[in-house]
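Trainee: Could we go through this structure together? I would like to understand the reasoning behind each label.

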Amino acid sequence: MNVKPAWVRPLAWIATAFALGVIVFGAFVRLSNAGLSCPDWPTCYGRITWPVQHTAVAAADAAFPGRPVAVHLAWREQTHRFIAGTLGVLVLILALGAVWRQRGPRHAVIVAALAAALGVWLYIGGEHGYSSLLAAVAIALPLLAAWWLRREAPWKMLSVAFAVIIFQAMLGMWTVTLLLKPAIVMSHLLGGLATFALLAYAALRLSGVGTREARVRRLLPWVALGLLLLVMQIALGGWTSANYAALACGTDFPLCAGSWWPALNFHQGFILWRDIGVNYEGGVLDESARAAIQMTHRIGALIVFVYGLLLAWRVARAGLKPQGIVLASLLCAQVLLGIGNVVLGLPLDVATAHNAGAALLLFTMVWLLAATQRPPAQREF
């Protein structure tokens, strides 16, 4: 029999759009240097919102002498947490809709939600050890539910997305408590994009996206490779941003600091895990290490651009012309935005748009991934 709840598909699309908004607003927060504007988590200077009144600001400054209140930044960070939390609720509802008709997965998701909520409460109370244990349980249970669930992949992805978003919350906490540690900041970006991709894939497949044409399905390995290359390039972009290397070459393009190949320190530039306790705001690497990151990002962009254009041409010829046109257009726009970041000195609007472009490219590749698979079954048993 058909057991698809009618509300899941539209809600999956709403959550996908909401996830895109969270990603773009998160980029705005990070690029406006507001990532440490709330020194605690999930509260902001011990408050649900942020200090505004003079007396509240004075009390917050006294409680956190190393991090004076900057109201114009704090609202950005705490608002980002609010909308990310709203997305978490949407994903929980979707996960429950996916598993509700099967007792074991249903109980696993419910317990995971309770464990996550209790973990946050314990963290606020200073019980960090117990909080971490509950967070681990909350992440593992939806993954177990997805494995256990006797439904098609899109439904399983909704449960996986719930696990990812709980881990995302932990990464958000570590971003603050580990003082913008680059590996955590990059992972936080990738976690947000992973949530977005999982929701998008589920929404597309639940909408019936797929094909019975063999010539289109033969493109699946090429699309998967393109998706992998894009994810690697996005990770490089996150590493560039987390290490404040976007302007490591100055405002030169295609040159870097007046040279085609300046002094580059790849070893220092790509040490993924550095000392704990260091404040990484503003970056700690020297110019040669930052330039190595920037040049690697540029080379990766060239590879993705060329491969992506070839892929767009192939999928358009195979009958997926709308997807091919969108992919080619976004690739060109993304390259122009990347160049604009450099030559214009990293203006906030252009840098934020560059992050949005990466998310839209990811959506397009997920769209192609769904479109080059067999149509989802209309009935489940």
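Trainee: Which residues touch the most other members of the largest nonpolar core?

Mentor: This is a predicted model, and in it Phe 162, Leu 199 and Leu 362 touch the most other members of that core, which has 76 residues. Helix H7 (residues 182–206) contributes the most, with twelve residues. There is also a second, separate core of 15 residues, with Ala 183, Met 186, Ala 248 and Ala 292 among them.

Trainee: What does Leu 199 touch, leaving out residues up to four places away in sequence?

Mentor: Its partners are Ala 12, Ala 15, Thr 16, Ala 19, Leu 87, Val 91, Leu 94, Leu 158 and Ala 161. Thr 16 is on that contact list, but threonine is not one of the residue types that a nonpolar core may hold.

Trainee: Let's take Ser 159. Why is Ser 159 called buried?

Mentor: Buried means under 20% relative accessible area. Ser 159 has 0% relative accessibility, so it counts as buried. The residue lies in helix H6 (residues 153–177).

Trainee: What makes the approach of Ser 159 to Pro 142 a polar contact?

Mentor: The cut-off for a pair of N or O atoms is 3.5 Å. The side chain of Ser 159 reaches the backbone oxygen of Pro 142 at 2.8 Å, within that cut-off. Pro 142 is also one of the residues that Ser 159 touches, along with Ala 95, Val 99, Val 109, Ala 145 and Ala 146, not counting residues up to four places away in sequence.

Trainee: How do you know that the length of helix H4 (residues 103–124) agrees with its number of residues?

Mentor: You set the expected span against the end-to-end distance. With 22 residues at 1.5 Å a residue, H4 should span 32 Å, and its end C-alpha atoms are 32 Å apart, so the two agree. Helix H9 (residues 220–242) passes the check as well: its 23 residues should span 33 Å, and its end C-alpha atoms are 33 Å apart.

Trainee: What do the buried residues of H4 pack against?

Mentor: They pack against helix H3 (71–99), helix H5 (128–148) and H6. The buried residues of H4 include Val 109, Ala 112, Ala 113, Leu 122 and Tyr 123. Val 109 also appears among the contacts of Ser 159.

Trainee: What comes just after H4, and what follows H9?

Mentor: Gly 126 comes just after H4, with a positive phi of about 90°. H9 is followed by Tyr 244, whose phi is positive too, near 55°.

Trainee: Where else is there a positive phi in a residue that is not a glycine?

Mentor: Tyr 45 has one of about 60°, and so does Leu 180, again about 60°. Tyr 45 sits in the loop between H1 and H2, and Leu 180 in the loop between H6 and H7.

Trainee: Why are Tyr 45 and Leu 180 called buried?

Mentor: The cut-off is under 20% again. Tyr 45 is at 7% relative accessibility, so it counts as buried. Leu 180, at 10%, therefore counts as buried too.

Trainee: Is Ile 48 buried or exposed?

Mentor: Exposed means over 50%. Ile 48 has 67% relative accessibility, so it counts as exposed. Ile 48 lies in the loop between H1 and H2, and apart from neighbours within four places in sequence it is in contact with Gln 78 and Phe 82.

Trainee: Which peptide bonds here are cis?

Mentor: One is the bond from Trp 41 to Pro 42, with omega near 0°. Another joins Phe 253 and Pro 254, where omega is about 5°. Pro 42 is in the loop between helix H1 (8–31) and helix H2 (54–63), while Pro 254 is in the loop between H9 and helix H10 (266–269).

Trainee: How many cavities of 30 Å³ or more are there?

Mentor: The count is one. The largest cavity has a volume of about 70 Å³, which is over the 30 Å³ used for the count.

Trainee: What makes Tyr 307 a lining residue of the largest cavity?

Mentor: A lining residue has an atom within 4 Å of a cavity point. Tyr 307 is listed in the lining, as are Gly 226, Leu 327 and Met 365, among others. H11 gives the most to the lining, with four residues.

Conventions:
Residues are numbered from 1 along each chain as its sequence is written. This is a predicted model: local features need pLDDT of at least 70, side-chain atom pairs count only at pLDDT 80 or more; totals for chains, interfaces and linings use all residues. Side-chain values use heavy atoms; hydrogens and water are left out. Helices (H or I, at least four residues) and strands (E, at least two) are DSSP runs, numbered from the N terminus. Buried means under 20% relative accessible area, exposed over 50%, partly exposed in between (1.4 Å probe, protein chains only). A polar contact is a pair of N or O atoms within 3.5 Å; within protein, one must be able to donate a hydrogen and the other to accept it, and residues adjacent in sequence count only if both atoms are side-chain atoms. Contact means heavy atoms within 4.5 Å. A nonpolar core is a set of buried Ala, Val, Leu, Ile, Met, Phe, Trp, Tyr and Cys residues joined through side-chain atoms within 4.5 Å. The expected span of a helix is 1.5 Å times one less than its number of residues. On a 1 Å grid over the protein atoms alone, a cavity is a set of points where a 1.4 Å probe fits but cannot get out, and a pocket is an open set with protein on both sides within 12 Å along at least five of seven lines; lining residues have an atom within 4 Å of a point. Grid points are joined across faces, edges and corners, and a volume is the space filled by probe spheres set on the points.
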